[in-house]
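Reader: I've got a structure open and I'd like to learn how to read it. Could you walk me through it, one feature at a time?

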Amino acid sequence: MCEHPAPCPPASAADHLAASVLVGHPEAGWSVLCNGVILFEDTGYLLPAGDIVGPRRPLPGGAVTT
């Protein structure tokens, strides 16, 4: 999907969220990245294969909930 001179990481890579935003809809709370990942405002995302990754919100004191 990515047509940049330096390609974005694929959805299967560990750094897949580093991909560029292809379509952004901040008013609706989601964006589509170049690698096909759909990123939601709450930090959750949907991978192209349909796998769901729940939100990861920071808690007071630096802990993270999933």
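Author: Sure, and keep in mind that this is a predicted model. Let's begin with one side chain: that of Asn 35 reaches the backbone oxygen of Pro 9 at 2.9 Å.

Reader: Which backbone atom lies 3.2 Å from a polar atom of the side chain of Asn 35?

Author: That's the backbone nitrogen of Val 37. So that you can find the spot, look in the loop between strand E2 (30-33) and strand E3 (38-40), where Asn 35 is found.

Reader: Is Asn 35 buried or exposed?

Author: The idea is to compare the relative accessible area with a cut-off, and under 20% means buried. Asn 35 has 11%, so Asn 35 is buried.

Reader: How do I get the overall layout? How many helices and strands does the protein have?

Author: There are zero helices and seven strands. Read along the sequence, the pattern is β-β-β-β-β-β-β.

Reader: And how much of the protein is buried?

Author: Buried residues are 24% of the 66 residues. As for the outside, the accessible surface comes to about 4,500 Å², and 61% of that belongs to carbon and sulfur atoms.

Reader: What should I expect of nonpolar side chains?

Author: In soluble globular proteins, they tend to be buried together. Here, the largest nonpolar core has eight residues in all: Cys 8, Ala 11, Ala 19, Leu 33, Cys 34, Val 37, Tyr 45 and Leu 47.

Reader: Let me pick one of those. What does Leu 47 touch, not counting residues up to four places away in sequence?

Author: Leu 47 touches Ala 11, His 16 and Val 37.

Reader: His 16 wasn't in your core list. Where is His 16 found?

Author: His 16 is in the segment before E1. At 10% relative accessibility, which is under the 20% cut-off, His 16 counts as buried. Leaving aside neighbours within four places in sequence, His 16 is in contact with Pro 9, Pro 10, Ala 11, Leu 33, Asn 35, Val 37, Tyr 45 and Leu 47. Notice our old friend Asn 35 in there.

Reader: Which residues make a nonpolar patch on the surface?

Author: Leu 22, Val 23, Trp 30 and Phe 40 make one of about 320 Å². Take Leu 22, which sits in strand E1 (residues 21-25). Its relative accessible area is 45%, and partly exposed covers values between 20% and 50%, so Leu 22 is partly exposed.

Reader: What else is in strand E1?

Author: His 25 is found there. With a relative accessible area of 26%, His 25 is partly exposed. Its side chain makes a polar contact with the side chain of Glu 27 (3.2 Å). Not counting residues up to four places away in sequence, His 25 touches Trp 30 and Ser 31.

Reader: How do I compare distance along the chain with distance in space?

Author: Pick two residues and look at both numbers. His 25 and Glu 41 are 16 residues apart in sequence and 9.8 Å apart in space, C-alpha to C-alpha. Pro 26 and Phe 40 are 14 residues apart in sequence, with 9.0 Å between their C-alpha atoms.

Reader: Is Pro 26 buried or exposed?

Author: Over 50% means exposed, so Pro 26, at 62% relative accessibility, counts as exposed. You'll find Pro 26 in the loop between E1 and E2.

Reader: What about phi angles? What sign does phi have in most residues other than glycine?

Author: Negative, for most of them. In this model, phi of Thr 43 is near 80°, a positive value in a residue other than glycine. Thr 43 lies in the loop between E3 and strand E4 (45-46), and at 35% relative accessibility Thr 43 counts as partly exposed.

Reader: One last stop: where is Ile 52?

Author: Ile 52 is in strand E5 (residues 52-53). Ile 52 is exposed, with a relative accessible area of 72%. Even so, not counting residues up to four places away in sequence, Ile 52 touches Tyr 45 and Leu 46. You can also try the sequence-versus-space reading here: Ile 52 and Ile 38 are 14 residues apart in sequence and 9.8 Å apart in space, C-alpha to C-alpha.

How values were computed: Residues are numbered from 1 along each chain as its sequence is written. This is a predicted model: local features need pLDDT of at least 70, side-chain atom pairs count only at pLDDT 80 or more; totals for chains, interfaces and linings use all residues. Side-chain values use heavy atoms; hydrogens and water are left out. Helices (H or I, at least four residues) and strands (E, at least two) are DSSP runs, numbered from the N terminus. Buried means under 20% relative accessible area, exposed over 50%, partly exposed in between (1.4 Å probe, protein chains only). A polar contact is a pair of N or O atoms within 3.5 Å; within protein, one must be able to donate a hydrogen and the other to accept it, and residues adjacent in sequence count only if both atoms are side-chain atoms. Patches are made of residues with over 30% relative accessible area and no salt bridge: like charges are joined within 9 Å, nonpolar side chains (Val, Leu, Ile, Met, Phe, Trp, Tyr) within 5 Å. Accessible areas come from the Shrake-Rupley method with a 1.4 Å probe; for residues, only the protein chains shown count as cover. A salt bridge is a side-chain nitrogen of Lys or Arg within 4 Å of a carboxyl oxygen of Asp or Glu. A nonpolar core is a set of buried Ala, Val, Leu, Ile, Met, Phe, Trp, Tyr and Cys residues joined through side-chain atoms within 4.5 Å. Contact means heavy atoms within 4.5 Å.
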